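This report concerns charged and polar side chains and the contacts they make. Please examine the sequence and the structure before reading on.

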Amino acid sequence: MASHIIELSGLTKKYGDFVAVDKLDLKIPKGEIFGLLGPNGAGKSTTILMLLGLTEPTSGSVKVCGINSTREPVEVKKKVGYLPENLGFYDDRSGLDNLIYTARLNQIPEQEAKEKAKMLLQRVGLTDQNKKTGTYSRGMRQRLGLADVLIKSPEVIILDEPTLGIDPKGVQELLQLIKQLSKEDGLTVLLSSHHLHQVQKVCDRVGLFVNGKLIAEGDVASLSAQLFGREPITIEARVIEHDKSKKDVEKAIKKVKNVKAVQKNQDTMLIDCTEDVTNEIAQAIIESGLGLSQLYRREYGLDDIYQRYFEKSQV
Amino acid sequence: MKMSKALTRIKSGFNLRHLITGQTADLQKVKQPFWVIVEKEISDHFRSVRFMILMGIVVLTCMGSLYSSLTNFSEVVKNSEDEFFFLKLFTTTDGAMPSFVVFISFLGPLLGIGLGFDAINSEQNSGTLSRIMSQPIHRDNLINAKFLGVLIVVSIVFFALGFLVMGFGLFFIGIPPTAEEFLRFICFTLISILYVAFWLNLAILFSVKFRQASTSALAGIGVWLFFTVFYGLIVNLIAKATAPSQFAHPEVVIRYQTFVKNLMTLVPSQLYSDATTTLLMPSVRSLGPLTMEQMAGAIPNPIPLGQSLLLVWPQLTGMIAAAVLCFALTYGLFMRREIRSK
């Protein structure tokens with residue numbers, strides 16, 4: 001129990017008749033980077049707001065570090081750093097001043113706050129400390145936001161769409177920074193996003209969120225297993241044809257143990273099998289006298305998973 | 001409970017040891033988030049252009065009213081029957097410009113609305129609200145701190161202005177104020193601050209209610225205009241329509257007058273001007289109609305401060321109630337609200 005830092009059970013949020021979050025159950029262990037994935041309006045932000053006690057759930061319970069977020073939001077907020085989706089700073093103050101203010105709201109003494117703020121600004125790569133935040137670029141704001149989240153030395157950080165509106169290089173750097181922080185400080189990270197490949201790179205586990213429901217969770221491999229589970233492993237082979245008859249190849253492959261079906265389109269073959277038998281298939285192809293130009297096991301990325309779920313949820 | 005905590009904190013803040021040794025480290029350690037926000041609010045106000053503009057208006061008009069009361073002062077003093085010369089500085093005028101009291105009653109709402117109309121919605125629109133609310137502070141800390149921040153700023157301004165007017169007055173008329181006059185002035189300033197507090201609460205209420213700062217400013221100004229201009233007209237209409245005949249029984253007349261008076265006391269500015277005139281003109285003995293029987297045997301003398309305060313007690317209670325009502329509504333709206341970013 002204690003190893004789960006975030007525990008949601010039966011969490012529901014309704015706005016009138018509209019169900020934003022529907023009976024959500026989720027457990028996130030300590031030190032994990034969890035990605036909450038879903039399209040806009042799936043209920044990701046609402047879930048995050050409930051985690052912080054910024055809105056009340058209609059039913060169900062939220063526990064962060066074993067503390068009920070709805071009843072004792074202040075205790076939870078001591079331990080959780082939150083980076084909102086559209087974060088803003090006091091534009092007429094410098095980045096340093098903004099950080100110091102946050103630190104002092106967390107009851108960090110002024111001198112310590114100042115040192116910590118300077119250290120964190122260095123860490124997130126903002127060198128000009130006295131620049132007014134009004135002149136910051138989007139990427140700089142996001143970095144400052146990260147520093148703002150870290151200044152209270154949280155146990156958990158929650159990032160709502162942290163990569164939104166940043167250029168690809170900035171995204172890379174930001175995600176790398178998040179990963180590094182999580183590893184170095186043992187932070188639990190919950191981040192929401194609709195950008196799949198970005199999240200795929202840093203998350204230990206992801207949850208797919210559609211229409212207020214968490215329809216699948218796990219690491220990317222087990223997610224694809226959950227989703228494409230009924231389907232066997234697919235191996236794609238591209239062959240160079242000679243004059244030999246096609247049937248021979250297909251027959252030869254079908255004879256291989258664990259192979260269920262073979263599909264052929266021109267020079268590409270899709271082979272479904274229950275076990276990974278790439279090696280045997282290669283052998284079968286070559287023995288049947290064909291040239292083999294490409295052979296690989298198909299991996300399902302988050303995009304495929306996402307796409308698949310969308311098709312499902314729209315039906 | 002909270003109050004007493006805050007008080008001990010203030011006391012410890014002004015601990016002599018800290019002042020002497022200049023040791024501030026452990027003082028900061030105990031500084032609660034609430035006071036951090038108050039501190040920031042105050043510094044924000046003093047830096048803002050808006051505050052400079054409001055201050056400019058207030059200072060100019062006060063100087064104007066001081067000038068107008070001074071030019072006419074010798075006439076007023078000659079004709080006056082009581083000995084409260086100094087207080088006349090705040091109430092007399094040469095007719096060209098309103099007096100200090102009237103100015104304050106006019107500018108107080110402007111100050112309250114001007115400093116409070118975007119208290120919450122500007123934070124919301126700039127995206128800072130969700131960031132601040134995700135810090136370990138109670139929700140009410142934010143609105144309380146916003147309120148207290150402006151109130152402290154307004155208090156400083158009013159006391160500074162009042163003392164400035166007093167100082168100039170002293171310089172020009174050469175009569176020092178008596179202790180009672182001074183106390184009456186302090187009471188007047190406190191009531192003025194209370195009056196601004198009401199408008200401030202109203203403005204903060206609108207700032208929670210309306211997402212657009214301009215809407216909330218307009219709503220505040222609308223209420224103010226309604227009470228200063230239109231409400232009086234409406235009451236006049238009602239008064240004319242319900243007026244008893246010339247030959248009606250005195251009791252009916254009194255009932256009618258009390259009714260009209262009660263209608264007027266719904267207006268905060270009426271409460272304020274009743275309270276301040278009573279305090280600054282000690283010869284005022286009643287705010288309602290008096291019968292000949294009640295006046296019989298009374299010596300036309302100013303009444304002591306305690307009695308004046310007793311006389312305006314209902315007005316004070318009314319103003320406090322109005323302020324508390326606005327505050328309660330704000331509280332109710334803000335405490336259970338969902339804090340989304342932008």
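A polar contact is a pair of N or O atoms within 3.5 Å, where, within protein, one atom must be able to donate a hydrogen and the other to accept it. The model discussed here is predicted. In it, the side chain of Gln124(B) makes a polar contact with the side chain of Arg337(B) at 2.9 Å. Gln124(B) belongs to helix 9 of chain B, residues 121-125. Its relative accessibility is 4%, so Gln124(B) counts as buried.

Charged pairs form a further topic. Side chains of opposite charge can pair when their charged atoms come close. Over all chains, the structure holds 23 salt bridges, and the table lists some of them, with the distance given between N and O atoms.

| Acidic residue | Basic residue | N to O distance |
|---|---|---|
| Glu155(A) | Lys79(A) | 4.0 Å |
| Glu110(A) | Arg104(A) | 3.9 Å |
| Glu217(A) | Arg205(A) | 2.9 Å |

The pair Glu217(A) and Arg205(A) links distant parts of the chain: Glu217(A) is in strand 10 (residues 213-218) of chain A and Arg205(A) in strand 9 (residues 205-210) of chain A, 12 residues apart. Glu217(A) is partly exposed, with a relative accessible area of 25%, whereas Arg205(A) is buried at 18%. Salt bridges that share partners also join Arg104(A), Glu110(A), Lys31(B) and Glu39(B) into one network. Within this network, Arg104(A) is buried, with a relative accessible area of 10%, while Glu110(A) counts as partly exposed at 31% relative accessibility.

In the pair Glu155(A) and Lys79(A), Glu155(A) counts as partly exposed at 31% relative accessibility, and Lys79(A) counts as partly exposed at 27%.

Technical notes. Residues are numbered from 1 along each chain as its sequence is written. Chains are lettered from A and ligands numbered from 1 in the order in which they are written. This is a predicted model: local features need pLDDT of at least 70, side-chain atom pairs count only at pLDDT 80 or more; totals for chains, interfaces and linings use all residues. Side-chain values use heavy atoms; hydrogens and water are left out. Helices (H or I, at least four residues) and strands (E, at least two) are DSSP runs, numbered from the N terminus. Buried means under 20% relative accessible area, exposed over 50%, partly exposed in between (1.4 Å probe, protein chains only). A salt bridge is a side-chain nitrogen of Lys or Arg within 4 Å of a carboxyl oxygen of Asp or Glu.
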